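Here's a quick briefing to read alongside the sequence and the 3D view. Take a look at the fold, then go through the notes by topic.

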Amino acid sequence: MIELADYEFYMNEYKGSLSRDLFNSLIKKASFEIQNNVNRKLTKEDLKSDDGYKIKYTTCMLIDYLKTEKIGNVKSISIDGVSKTIKTLEETKKDKEKIFDYLPQELTRYI
C-alpha cells in the first residue's frame, strides 16, 4: 500500500504541526483508513492527478485527527483551526466520515 501524503506536503501545503516522527507513525494508518473508505485502490498516479491534492489534504486531516488516539487521553482536538471535543466512539466515526467527505466524490459515491 502506498502512503497517500508525505511530510513535505503535510508541512508546506497543509501547514501541519506534527514532528516528522509522529507523522511517520500515523501515515500508514491514515492511508489504510482512506483506502478502506474509497471504492478502488489508490495509486501513485492518483496522487499526481487533478484530485491528488484533495487526497493528500484529506490524508493530512486524518493524520491530525488520529494523533489524538496516539497521544492517549486527549479529550479535544484541533483540525485546520477548528477545535472539537471527542465524546463517544460514534461521534469519532462521524468526525472521520466528515473528513472523508473531502475526498473526490468519484472515489466515495459508490460505497
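Let's start with a lysine: Lys 96 counts as buried because its relative accessibility is 14%, under the 20% cut-off for that label. Bear in mind that this is a predicted model. Lys 96 sits in helix H5, which covers residues 89–100. Its C-alpha atom is 7.3 Å from that of Leu 62, although 34 residues separate the two along the chain.

**The lysine's buried partner**

- Glu 33 is in contact with Lys 96, and Glu 33 belongs to helix H2.
- With a relative accessible area of 14%, Glu 33 is buried.
- Once neighbours within four places in sequence are set aside, the contacts of Glu 33 are Leu 62, Leu 66, Lys 96 and Phe 100.
- Leu 62 therefore turns up twice: Glu 33 touches Leu 62, and the Leu 62 C-alpha lies 7.3 Å from that of Lys 96, a residue that counts as buried at 14% relative accessibility.

**Overall layout**

- The chain is built from six helices and two strands.
- Reading from the N terminus, the order of elements is α-α-α-α-β-β-α-α.
- Of the chain's 111 residues, 42% count as buried.
- Take the contacts between residues at least 6 apart in sequence: 68% of them join residues at least 24 apart.
- The chain's accessible surface comes to about 6900 Å², and carbon and sulfur atoms account for 49% of that.

**Helix H2, kink included**

- H2 runs over residues 20–35, and its 16 residues should span 22 Å at 1.5 Å a residue; the end C-alpha atoms are indeed 22 Å apart, so expectation and model agree.
- There's a kink in H2 all the same: about 35 degrees, centred on Leu 26.
- Which residues of H2 are buried? They are Leu 22, Phe 23, Leu 26, Ile 27, Ala 30, Ser 31, Glu 33, Ile 34 and Gln 35.
- That list takes in the kink centre, Leu 26.

**Aromatic pairs and their cluster**

- Seven aromatic pairs are found in the structure.
- In one of them, the ring centres of Tyr 7 and Phe 23 are 5.5 Å apart with planes at 65 degrees, so the pair is edge-to-face.
- This pair links distant parts of the chain, since Tyr 7 is in helix H1 (residues 7–12) and Phe 23 is in helix H2, 16 residues apart; the reason they count as a pair at all is that the cut-off for ring centres is 6.5 Å.
- Tyr 7 and Phe 23 are both buried.
- Tyr 10 and Tyr 14 also have ring centres 5.5 Å apart, but their planes are at 25 degrees, so this pair is stacked.
- Tyr 10 is buried at 0% relative accessibility, and Tyr 14 is buried with a relative accessible area of 5%.
- One aromatic cluster takes in Tyr 7, Phe 9, Tyr 10, Tyr 14, Phe 23, Tyr 53 and Tyr 57.

**The nonpolar core**

- The largest nonpolar core has 30 residues, and Tyr 14 and Ile 34 have the most contacts inside it.
- H1, H2, helix H4 (52–71) and H5 each put at least two residues into this core.
- H4 gives the most, with eight residues.
- Leaving out residues up to four places away in sequence, Ile 34 touches Leu 4, Leu 42, Thr 58, Thr 59, Leu 62, Phe 100 and Leu 103.
- Phe 100 and Leu 62 are touched by Ile 34 and are also in contact with Glu 33.

**The loop between H1 and H2**

- Is Lys 15 buried or exposed? Lys 15 is exposed, with a relative accessible area of 62%.
- Lys 15 lies in the loop between H1 and H2, and its phi is near 65 degrees, a positive value in a residue other than glycine.
- Leu 18 is found in the loop between H1 and H2, and it is buried, with a relative accessible area of 6%.
- Apart from neighbours within four places in sequence, Leu 18 is in contact with Tyr 7, Tyr 10, Met 11, Phe 23, Leu 26, Ile 63, Asp 64 and Lys 67.
- The C-alpha atoms of Leu 18 and Lys 67 are 8.7 Å apart, with their positions 49 residues apart along the chain.

Technical notes. Residues are numbered from 1 along each chain as its sequence is written. This is a predicted model: local features need pLDDT of at least 70, side-chain atom pairs count only at pLDDT 80 or more; totals for chains, interfaces and linings use all residues. Side-chain values use heavy atoms; hydrogens and water are left out. Helices (H or I, at least four residues) and strands (E, at least two) are DSSP runs, numbered from the N terminus. Buried means under 20% relative accessible area, exposed over 50%, partly exposed in between (1.4 Å probe, protein chains only). The expected span of a helix is 1.5 Å times one less than its number of residues. The bend at a residue is the angle between axes fitted to the seven residues ending there and the seven starting there. Rings of Phe, Tyr and Trp (its six-membered ring) pair if their centres lie within 6.5 Å; planes under 30 degrees apart count as stacked, over 60 as edge-to-face and the rest as tilted. A nonpolar core is a set of buried Ala, Val, Leu, Ile, Met, Phe, Trp, Tyr and Cys residues joined through side-chain atoms within 4.5 Å. Contact means heavy atoms within 4.5 Å. Accessible areas come from the Shrake-Rupley method with a 1.4 Å probe; for residues, only the protein chains shown count as cover.
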